[in-house]
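Okay, thanks everyone for squeezing in. I've got one structure to walk you through today, so let me put it up on the screen.

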Amino acid sequence: MNKDNFFTVLEEQLDKGFPFAAYRKPMHGEKMEKTKALLQQDNVTHYVEDYKESGFVFAPFDNENRGLIIPSEAAEELFTEYTFEEDHKNVKKEGPNFPPNQLRKLARVEHENLVQKAVDKIKEGKLLKVVISRSENVQTQLKVIEIFKNILKKYNSAFVYLWFHPETGIWMGATPETLVSVERNRFETMALAGTQAFHDTLDVQWGDKEKEEQQIVTNSIVDGLQKSEIIVPDKLQVSEAYTAKAGNLLHLRTDINGNLKAGTSALKQLIKSLHPTPAVCGLPKDAAKRFILENEGYHRHFYSGFLGELNLKREIKRNSNRRNQENQAYASISRSTSLFVNLRCMKIREGTAELFTGGGITKDSNPSLEWEETVNKAHTMKSVLVK
Ligand SMILES: C=C(O[C@H]1C=CC=C(C(=O)O)[C@@H]1O)C(=O)O
């Protein structure tokens with residue numbers, strides 16, 4: 001579909017108040033992915049029950065609460081090729097509409113105090129790591145679709161999306177973090193943590209605090225998978241940690257992949273073992289989650305939840321050597337899942353964008369640097385809110 005028509009259809013869907021998800025997966029090598037949309041044809045609310053459904057999922061941070069789904073069978077699918085070069089040099093500076101300094105100062109003090117409280121809790125031995133976040137309101141004069149186009153232009157290597165549902169309102173983002181992708185019995189996930197600004201090179205040094213913070217995430221994901229009894233233990237592969245770019249930031253990343261044992265509820269258990277990862281929650285998981293819910297002082301809702309394609313049908317090439325016709329037909333359709341952690345995201349309400357940013361706290365965290373990290377994370381997101 002031509003790109004103008006594609007965006008017009010999204011606008012019409014918003015006007016009708018029917019749920020939809022428009023998104024583009026991260027670039028695969030040199031290949032730019034298509035921008036897709038799943039448009040629900042009514043405004044019925046559907047929830048994920050057992051992860052055997054097919055569609056686009058939008059799940060909250062709090063894993064006690066169910067995720068929403070736009071089911072494939074209730075939706076129309078659209079595609080467009082919409083490609084722009086990633087252009088960080090043109091990232092706009094904060095304009096006059098961004099929060100006044102006084103508000104900033106208050107937010108800074110609150111955030112730094114909370115980080116200090118988390119560090120104290122960690123030093124008492126109650127936690128090993130906890131992710132502390134905040135939200136910030138920014139005025140914008142751009143229409144929803146214009147903001148989404150800016151996001152598409154700026155982030156080729158992220159999963160970018162625009163989600164609308166009458167139950168949640170409008171959310172958008174460009175996340176660097178895969179929760180899990182599954183293709184037949186193969187799964188891939190990642191441990192992503194540690195942040196520094198990108199200055200034209202991937203050849204950078206990481207401090208002990210960042211290395212430790214990221215190692216905690218890797219260990220916990222690997223332990224969780226091994227204990228879950230859903231994976232084939234000797235097929236689990238864990239890469240070395242390496243530097244990965246996300247917009248104007250760099251993170252430390254470890255790739256983890258393996259095979260799922262045959263079993264129909266493997267995906268549900270896999271998600272249960274991973275979400276929320278210590279990259280967005282902490283360790284031990286339950287204690288970190290409790291600390292977050294009791295202390296952050298705002299509701300994360302879908303920030304640091306997860307979203308993406310669930311069991312979507314995908315055509316795969318037939319193996320021409322196969323003689324058996326039944327096998328050929330079976331082999332030509334596969335179900336694939338690509339879920340991402342909802343980071344670098346915002347909720348849009350009439351001229352205001354609520355931006356969500358957080359960072360991992362360990363015993364060595366410095367409150368003022370943690371504040372700066374959230375400012376850096378918010379900065380690129382703000383650049384899409386102006387022309
Ligand atoms: C929680 C966020 O980022 C996570 C992912 C990568 C690096 C992180 C960090 O350095 O703290 C966070 O764990 C966020 O961006 O809001």
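I'll go from the overall picture to the sheet, then the core, the ligand, one helix and a few backbone oddities.

First, a caveat: this is a predicted model, so please keep that in mind throughout. The protein has 387 residues, and 43% of them count as buried. Its secondary structure comes to 8 helices and 18 strands. How much of the contact map joins residues at least 24 apart? If you take contacts between residues at least 6 apart in sequence, 74% join residues at least 24 apart.

Now the sheet. We've got an open sheet of 9 strands, with antiparallel pairing, and reading across it the order goes E5-E2-E1-E7-E8-E17-E18-E6-E14. Which strands sit at the edges? Those are E5, residues 75–80, and E14, residues 282–283, and each of them pairs on one side only.

Let's zoom in on the stretch of that order around E8. E7 and E8 are joined by a hairpin, through 3 residues, and the two strands pair in the antiparallel sense over 7 bridges. If you want a landmark there, look for Leu162, which stands opposite Met172 in E8. On to the next neighbor: E8 is joined to E17, residues 345–349, by 4 bridges, and again the two run antiparallel. The landmark for that pairing is Trp171, whose bridge partner in E17 is Lys347. As for burial, E8 covers residues 169–175 and is mostly covered, with 5 of its 7 residues buried.

Further along, E6 and E18 also run antiparallel, and 10 bridges join them. Arg134 is a handy place to look, as its bridge partner in E18 is Thr357. Hold on to those two strands, since they come back in a minute.

So, the core. The largest nonpolar core has 95 residues. Which residues have the most contacts inside it? That would be Phe20, Ala21, Tyr161 and Met172. The strand that gives the most to this core is E7, residues 159–165, with 6 residues. You'll remember Met172 as the residue opposite Leu162 in the hairpin pairing.

Ala21 deserves a closer look. What does Ala21 touch, leaving out residues up to four places away in sequence? The list is Ala37, Leu38, Phe56, Ile70, Tyr161 and Trp163.

Next, the ligand. There are 17 residues around it, and the closest are Thr195, Ala279, Gly358, Gly359 and Gly360. Here's where those two strands return: E6 (129–139) and E18 (352–361), along with E10 (186–197), each supply at least two residues of the shell. By class, that shell has 8 polar, 6 nonpolar and 3 charged residues.

Let me move to helix H8. H8 takes in residues 367–383, and at 1.5 Å a residue its 17 residues should span 24 Å; the end C-alpha atoms are 25 Å apart, which agrees. Is H8 mostly covered or mostly exposed? It's mostly covered, with 12 of its 17 residues buried. The buried ones include Pro367, Glu370, Trp371, Glu373 and Thr374. Then there's an unbroken run at the far end: Lys377, Ala378, His379, Thr380, Met381, Lys382 and Ser383 are buried too.

Last bit: backbone geometry. As a reminder, most residues other than glycine have a negative phi, and most peptide bonds are trans. We've got some exceptions to go through.

Two of them are cis peptide bonds. One runs from His275 to Pro276, with omega near -5°, and Pro276 is in the loop between H5 (266–274) and E14. The other runs from Leu283 to Pro284, with omega near -15°. Pro284 is found in the loop between E14 and H6, which is residues 285–295.

Then the positive phi values. His301 has phi near 50°, and you'll find it in the loop between H6 and E15. Is His301 buried or partly exposed? Partly exposed, because it has 19 other C-beta atoms within 10 Å, and buried starts at 20. Asn311 has phi near 45°, but its place is in strand E15. Asn311 is partly exposed as well, with 18 other C-beta atoms within 10 Å.

That's what I had. Happy to rotate the view if anyone wants to look around.

Notes:
Residues are numbered from 1 along each chain as its sequence is written. This is a predicted model: local features need pLDDT of at least 70, side-chain atom pairs count only at pLDDT 80 or more; totals for chains, interfaces and linings use all residues. A residue is near a molecule or strand if its C-beta atom, placed from the backbone, lies within 6 Å of it. Ala, Val, Leu, Ile, Met, Phe, Trp, Tyr, Cys and Pro count as nonpolar, Asp, Glu, Lys and Arg as charged, and the others, Gly among them, as polar. The expected span of a helix is 1.5 Å times one less than its number of residues. A nonpolar core is a set of buried Ala, Val, Leu, Ile, Met, Phe, Trp, Tyr and Cys residues joined through C-beta atoms within 7 Å. Two residues are in contact if their C-beta atoms, placed from the backbone, lie within 7 Å. Two strands pair if DSSP finds at least two bridges between them.
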